[in-house]
Amino acid sequence: QVQVAESGGGLVQPGGSLSLSCTASGSSFRLNAMGWYRQAPGKQRELVAAITAGGSANYADSVKGRFTISRDNDKTMVYLQMNSLKPEDTAVYYCNAGGTIMLGRPFSSWGQGTQVTVSS
């Protein structure tokens, strides 16, 4: 089983920055894509950004130019640098890791989520 854990949320003023980190851990797994999702109160969970094992990234239109996703494959970590934050970025941010475990079985694991609040 692969566990995923996020860190780095908090309260920030509009226009500020925050950085989120996520670690995948377990045994005998191979990571493919990793991504960040968010869910605001009363809304569905949405993709924020995702990155493949090769480093190709894609972003939601609402965060392009403000957020940057990166990963460290050796440390099985993914990061989300969030700049120029807006109140509408307020949400619980979840990390997702997908890949394969023993015998090539696919997995998709979610973290518990970390709260990001953008408010003055």
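**Exercise 1. The hairpin of β9 and β10**

Which residue stands opposite Thr100 in β10? Work on the predicted model, and then describe the hairpin around this spot.

*Solution.*
- Step 1. Find the partner. Pro106 in β10 stands opposite Thr100.
- Step 2. Take the strands as a pair. β9 and β10 run antiparallel and share five bridges.
- Step 3. Look at the turn. Five residues lie between the two strands of this hairpin.
- Step 4. Pick out Leu103. This residue sits in the loop between β9 (91-100) and β10. Its phi is positive, about 60°, although Leu103 is not a glycine.
- Step 5. Check the surface. Leu103 has a relative accessible area of 88%. The cut-off for exposed is over 50%, so Leu103 is exposed.

**Exercise 2. The other partners of β9**

With which strands does β9 pair over eight bridges and over three bridges? Give one residue pair for each.

*Solution.*
- Step 1. Start with eight bridges. The partner is β4, and the pairing is antiparallel.
- Step 2. Name a residue pair. Arg38 has Tyr93 of β9 as its bridge partner.
- Step 3. Go on to three bridges. They join β9 to β11 (residues 114-118), again in the antiparallel sense.
- Step 4. Name a pair here too. Gln115 in β11 stands opposite Val92.
- Step 5. Ask how covered the strand is. Of the 10 residues of β9, eight are buried, which leaves the strand mostly covered.

**Exercise 3. The disulfide**

Which cysteines does the disulfide join, and are they buried or exposed?

*Solution.*
- Step 1. Count. The structure has one disulfide.
- Step 2. Recall the chemistry. A disulfide bonds the sulfur atoms of two cysteines covalently.
- Step 3. Name the ends. Cys22 is joined to Cys95, with an S to S distance of 2.0 Å.
- Step 4. Place them. Cys22 is in strand β3 and Cys95 in strand β9. The pair links distant parts of the chain, 73 residues apart.
- Step 5. Read the twist. The angle about the S-S bond is -80°, and the link of Cys22 and Cys95 is left-handed.
- Step 6. Check burial. Both Cys22 and Cys95 are buried.

**Exercise 4. Aromatic pairs**

How many aromatic pairs does a search of the whole structure find? Classify each and place its rings.

*Solution.*
- Step 1. Count. The search finds two aromatic pairs.
- Step 2. Classify Phe29 and Phe107. Their ring centres are 6.2 Å apart and their planes stand at 90°. Planes over 60 degrees apart count as edge-to-face, so this pair is edge-to-face.
- Step 3. Place the rings. Phe29 is in the loop between β3 (18-25) and β4 (30-39), while Phe107 is in strand β10 (residues 106-110). They are 78 residues apart. Both Phe29 and Phe107 are buried.
- Step 4. Classify Tyr37 and Trp110. The centres lie 4.9 Å apart and the planes are at 65°, so this pair is edge-to-face too.
- Step 5. Place these rings. Tyr37 belongs to β4 and Trp110 to β10, so the pair ties together parts 73 residues apart in sequence.
- Step 6. Check accessibility. Tyr37 is partly exposed at 23% relative accessibility. Trp110 is partly exposed at 39%.
- Step 7. Add the charge. Arg45 lies over the face of Trp110, 4.7 Å from the ring centre. Arg45 also lies over the face of Tyr94, at 3.7 Å from the ring centre.

**Exercise 5. A residue beside Phe29**

What is the phi of Ser28, and is Ser28 buried or exposed?

*Solution.*
- Step 1. Locate Ser28. The loop between β3 and β4 holds it.
- Step 2. Read phi. Ser28 has a positive phi of about 50°, yet Ser28 is not a glycine.
- Step 3. Check the surface. Ser28 is exposed, at a relative accessible area of 54%.

**Exercise 6. The nonpolar core**

Which residues have the most contacts inside the largest nonpolar core? Follow one of them outward.

*Solution.*
- Step 1. Recall the trend. Nonpolar side chains tend to be buried together in soluble globular proteins.
- Step 2. Take the core. It has 30 residues, and Trp36, Leu80, Met82 and Tyr93 have the most contacts inside it.
- Step 3. List the suppliers. At least two core residues come from each of β3, β4, β5 (46-51), β7 (67-72), β8 (77-82), β9 and β11.
- Step 4. Follow Leu80. Beyond its neighbours within four places in sequence, Leu80 is in contact with residues including Leu20, Trp36, Val48, Ile69 and Tyr93.

Notes. Residues numbered from 1 in each chain as written. Predicted model: local features only at pLDDT ≥ 70, side-chain atom pairs only at ≥ 80, totals over all residues. Heavy atoms only, no water. Phe/Tyr/Trp six-rings, centres within 6.5 Å; stacked < 30°, edge-to-face > 60°. Helix = DSSP H or I, 4+ residues; strand = E, 2+ residues; numbered from the N terminus. Buried < 20%, exposed > 50% of the residue type's maximum accessible area, 1.4 Å probe, protein only. Lys NZ or Arg CZ within 6 Å of the ring centre and 35° of its normal. Disulfide = S-S within 2.5 Å. Pairing = 2+ DSSP bridges. Core = buried A, V, L, I, M, F, W, Y, C linked by side-chain atoms within 4.5 Å. Contact = heavy atoms within 4.5 Å.
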